[in-house]
Amino acid sequence: MNSFLVRYSILFALFVCLCSWGEKAHRKINSSCVEFFPKELNQLKVWAPILADHGSDADFRKKDDKTEFVKHFTDIDSYDDFNRTHRIEEDFETATLKYGNEKIKKEGTLPWTTDSTYNALVQNFKSENWDQAVLTAADLGHYVGDGFMPLHITANYDGQLSTQTGIHRRYEETMIDRNIDKVQFKPFTCKKINGVKSSIFGYLYANHSYVSLLLKADNQAYIEAGDQYSDRYYESLWMESGSFTIQLLEESSKTLAGLIYTAWLEAGKPKIPAGLGN
Ligand SMILES: [Zn+2]
């Protein structure tokens, strides 16, 4: 293989890996959201296995669809506005005018993608296209989940700016996969979300505070284990970050439930047919 191909292959592998929570976490976020549905959506609970099975479709699309990659992250700390005021322009047109199209693409379009996927779900409900609605909801769950993954909202997405390269995969996949059985959520009933787009930006801003906590946990685990791959390292990483990680996964599942419910309300509460999911 020539050097260009080698480099391209490594880059491609990185792109595929550094894309979201691992598959198990996305399954958990998507399938658990039905537990948070209010009674009115009882008949949509049958969606759980389909939402789980399609929880990583958005990642798989990256292989064939070049526009997909930028939809999974937003490096909000690359914006001066965020570092100064803890927010960025939320209206896409205004943001494009202010920051430029190139920058928005470079830093990733996750919040706008989440919002447009929500709007697509409203349309699916309006047209009572239930087969498509469940797939759109699965994608929505994926993008919401990515917004609750701290390394998807920072320029230091793989710890490369703090000599912690590889943290992305160590955290989202290896550590989560080792502990997925401990990820249990408490009962909760979701409510209508007022101002969907601003609530999407709101959780991104809030979740950014976990970037430094996670990097600290990685450093601590490294100090304790003396490496970044042993059982001791992963046990320590979980000790340091497990409780907020469960909280992030739980919050993303609750948010997904709230968005599905809100989309259904916004579509005029279309009657959910019996026998859905059969
Ligand atoms: Zn993703």
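Me: Before we get to Leu140, what counts as two residues being in contact?
Reply: For this predicted model, the test uses C-beta atoms placed from the backbone. Two residues are in contact if those atoms lie within 7 Å.

Me: OK, so which residues does Leu140 touch, not counting those up to four places away in sequence?
Reply: Leu140 is one of the helix 9 residues that meet helix 13. Leaving out residues up to four places away in sequence, Leu140 touches Thr114, Thr117, Tyr118, Leu121, Leu256 and Leu259.

Me: How are helix 9 and helix 13 oriented to each other, and why?
Reply: The axes of helix 9 (residues 130–147) and helix 13 come within 9 Å and cross at roughly 140°. Antiparallel would need an angle over 145 degrees, and 65 to 115 counts as roughly perpendicular. That makes the helix 9 and helix 13 pair oblique.

Me: How do the residues of the contact of helix 9 with helix 13 divide into nonpolar, polar and charged?
Reply: On the helix 9 side there are Ala137, Leu140, Gly141, Val144 and Gly145. They meet Ser252, Thr255, Leu256, Leu259 and Ile260 in helix 13. Gly counts as polar here, and the split comes out as six nonpolar, four polar and no charged.

Me: Now helix 8 and helix 13: which hand does their crossing have?
Reply: Here the axes of helix 8 (residues 110–126) and helix 13 (residues 231–266) come within 8 Å and cross at roughly 50°. Helix 8 and helix 13 are therefore oblique to each other. Their crossing is right-handed.

Me: And how do the residues of the contact of helix 8 with helix 13 divide?
Reply: Helix 8 brings Tyr118, Leu121, Val122 and Phe125. Helix 13 brings Leu259, Ile260, Ala263, Trp264 and Glu266. Glu counts as charged, and the division is eight nonpolar, no polar and one charged.

Me: Is Ala263 buried or exposed, and why?
Reply: Ala263 lies in helix 13 and touches Tyr118, Leu121, Val122 and Phe125, not counting residues up to four places away in sequence. The cut-off for burial is 20 or more other C-beta atoms within 10 Å. Ala263 has 25 of them, so Ala263 is buried.

Me: What separates the C-alpha atoms of Ala263 and Ala137?
Reply: Ala137 is among the helix 9 residues that meet helix 13. Along the chain, Ala263 and Ala137 are 126 residues apart. Their C-alpha atoms are separated by 9.8 Å.

Me: Which helix gives the largest share of the largest nonpolar core?
Reply: That core has 60 residues, and Leu121, Ala137, Leu140, Leu256, Ala257, Ile260 and Ala263 touch the most other members. Elements giving two or more residues to the core include helix 8, helix 9 and helix 12 (209–225). The largest share is 12 residues, and it comes from helix 13.

Me: How many of the 10 residues of helix 2 are buried?
Reply: Among the buried ones are His26, Arg27, Lys28 and Asn30. The buried residues of helix 2 pack against helix 3, helix 9, helix 10 and helix 13. Helix 2 is largely enclosed by the rest of the structure, because the number of its residues that are buried is eight.

Me: Last one: is Phe201 buried or exposed?
Reply: Phe201 is found in helix 11 (residues 196–207). Beyond its neighbours within four places in sequence, Phe201 is in contact with Arg87, Glu90 and Pro111. With 21 other C-beta atoms within 10 Å, Phe201 is buried.

How values were computed. Residues are numbered from 1 along each chain as its sequence is written. This is a predicted model: local features need pLDDT of at least 70, side-chain atom pairs count only at pLDDT 80 or more; totals for chains, interfaces and linings use all residues. Helices (H or I, at least four residues) and strands (E, at least two) are DSSP runs, numbered from the N terminus. A residue is buried if 20 or more other C-beta atoms lie within 10 Å of its own, exposed if 12 or fewer, and partly exposed in between; C-beta atoms are placed from the backbone. Axes are lines fitted to C-alpha atoms, for helices over the stretch in contact, and angles run from 0 to 180 degrees between N-to-C directions. Angles under 35 degrees count as roughly parallel, over 145 as roughly antiparallel, 65 to 115 as roughly perpendicular and the rest as oblique. A crossing is left-handed if the near helix is turned anticlockwise from the far one by less than a right angle, and right-handed if clockwise. A nonpolar core is a set of buried Ala, Val, Leu, Ile, Met, Phe, Trp, Tyr and Cys residues joined through C-beta atoms within 7 Å.
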